[in-house]
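Subject: Structure handover

Dear colleague,

I am passing the structure below on to you, and the notes after it set out what was found. Please read them with the model open beside you.

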Amino acid sequence: MAQELTQPLERDGSAFRLASRKIRVEVVHGPDRGLVAELPGPEARVGLGRECDLVLKDPTVSRLHLVVRVEGERIRVIDAGSRNGTAVDGVEVRDAYARPDAAISIGGTTMRLRMLSDVVELPLSQRERFGGMLGRSVAMRRLFAVLERVAATDATVLVEGETGTGKELVAEAVHEESPRQGAAFVVFDCSAVSATLIESELFGHVRGAFTGAFADRPGAFEAADGGTLFLDEIGELPLDLQPKLLRALERREVRRVGANVPRRVDVRIVAATNRNLAREVERGKFREDLYYRLAVIQVALPPLRERQGDIPQLVRHF
């Protein structure tokens, strides 16, 4: 399944556009039986979570259960790490192409998918580079188009992708293209700090707060004041510290360990993970309210196997 998205790339004047057909979904079995929806391509998410393009009520369906992609004249069905799995015409699959009018079963729900003749056009970036990221493929031009719009705002961004896909490059590029570009860009790796020190490293501490705290020390939030804080591997943050991070994001203030008075901070947050955070929420390993606070803008990085057309450009560059 290494094929890249293959919808036609068209040029309208000086602008690139992606022409993709719509997908018709009909639920034929389950709590949502009778539901019919038309989803714009080239990609749609199906699950219980409100962030999905098609939201179902079936409790046996995962928060993010299924990703459906239009690839040329075919529909690709990708299980998103669901708890109860995905089947195409009765055969359990992780990543497969579905025949026209195939029966797709997820949990206790069965759907039929059909590609429509209706075409939607999506704008693509004209750029072949965004910060340290390179790519001419449809997948990367779609990504760059999203990041161009996001960078100009202060919205919190959640970047999801496999190890090695360039999540930190996304955070750096968003910072450099934002109005905060002249301020600090601070990286905090949640997987690299011991659980006993992570609160102090994030929020700071005052002298005498604990053994070894010989002086006041600001944390990562204060260091990034006015700029961007990149929370790498956010899925590794201990569950007992997640309410404190949520409070900091909601109130825009932090309280150093041992302090009585909070401090205001002006920080843009970009978080990243190689985990499926929606599934972590489902398993009780990550707080739902924190997930939605972080996933204001959700960006999925395509692995190189899904954009093999970029390999020659990458080889020439490196």
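**The parallel sheet**

Strand β15 is joined to strand β20 (residues 268–273) by four bridges, and the two run parallel. Here helices (H or I, at least four residues) and strands (E, at least two) are DSSP runs, numbered from the N terminus, and two strands are said to pair if DSSP finds at least two bridges between them. Before going further, please keep in mind that this is a predicted model, in which local features need pLDDT of at least 70 and side-chain atom pairs count only at pLDDT 80 or more, while totals for chains, interfaces and linings use all residues. Residues are numbered from 1 along each chain as its sequence is written, and side-chain values use heavy atoms, with hydrogens and water left out.

Within the pairing of β15 with β20, Leu158 has Ala271 of β20 as its bridge partner. Strand β15, which covers residues 157–160, is also joined to β21 by four bridges, again in the parallel sense; there Val159 has Val299 as its bridge partner, and Glu160 stands opposite Ala300.

These strands belong to an open sheet of five, in the order β16-β17-β20-β15-β21, with parallel pairing. The edges are taken by β16 (185–189) and β21 (297–300), each of which has a single partner strand, so one side of each is left without a neighbour in the sheet. On average, neighbouring strands of this sheet are turned by 20 degrees against each other, direction ignored (axes are lines fitted to C-alpha atoms, for helices over the stretch in contact, and angles run from 0 to 180 degrees between N-to-C directions).

In a regular strand the side chains alternate between the two faces of the sheet. Both faces of β15 are covered, since Val157 and Val159 on one side, and Leu158 and Glu160 on the other, are all buried (buried means under 20% relative accessible area, exposed over 50%, and partly exposed in between, with a 1.4 Å probe and protein chains only).

**The mixed sheet**

A second group of five strands forms an open sheet in the order β5-β4-β6-β7-β10, and here the pairing is mixed. Its edge strands are β5 (54–55) and β10 (95–98), each pairing on one side only.

Strand β6 (residues 66–71) pairs with strand β4 (residues 43–47) in the antiparallel sense over four bridges, with Ala44 standing opposite Val68 in β6. Six bridges join β6 to strand β7 (residues 74–79), also antiparallel, and in β7 the bridge partner of Arg69 is Arg76. The hairpin of β6 and β7 has two residues between the strands, and in it Gly72 takes a positive phi near 65 degrees.

Six of the six residues of β6 are buried, so this strand is largely enclosed by the rest of the structure. Leu66, Val68 and Val70 lie on one side and Val67, Arg69 and Glu71 on the other.

**Two aspartates with positive phi**

Asp89, in the loop between β8 (86–88) and β9 (91–93), has a phi near 50 degrees, a positive value in a residue other than glycine. Asp89 is partly exposed, with a relative accessible area of 36%. Asp101, in the loop between β10 and β11 (103–106), has a positive phi near 65 degrees, and at 39% relative accessibility Asp101 counts as partly exposed.

**Annotated regions and the whole chain**

In an unreviewed entry, UniProt lists residues 44–93 as "domain: FHA" and residues 133–318 as "domain: Sigma-54 factor interaction"; these positions are given in the numbering used here, feature names are shortened, and annotations may be inferred rather than shown by experiment. Over residues 44–93 the chain is 0% helix and 48% strand, with the end C-alpha atoms 18 Å apart. Over residues 133–318 the chain is 34% helix and 16% strand, and the end C-alpha atoms are 12 Å apart.

The chain as a whole has eight helices and 21 strands. Its radius of gyration, taken over C-alpha atoms, is 22 Å, close to the 20 Å that the globule rule (2.2 Å times the number of residues to the power 0.38) gives for 318 residues, so the chain is as compact as a globular protein of that length. Buried residues make up 49% of the 318 residues in the chain.

Best regards
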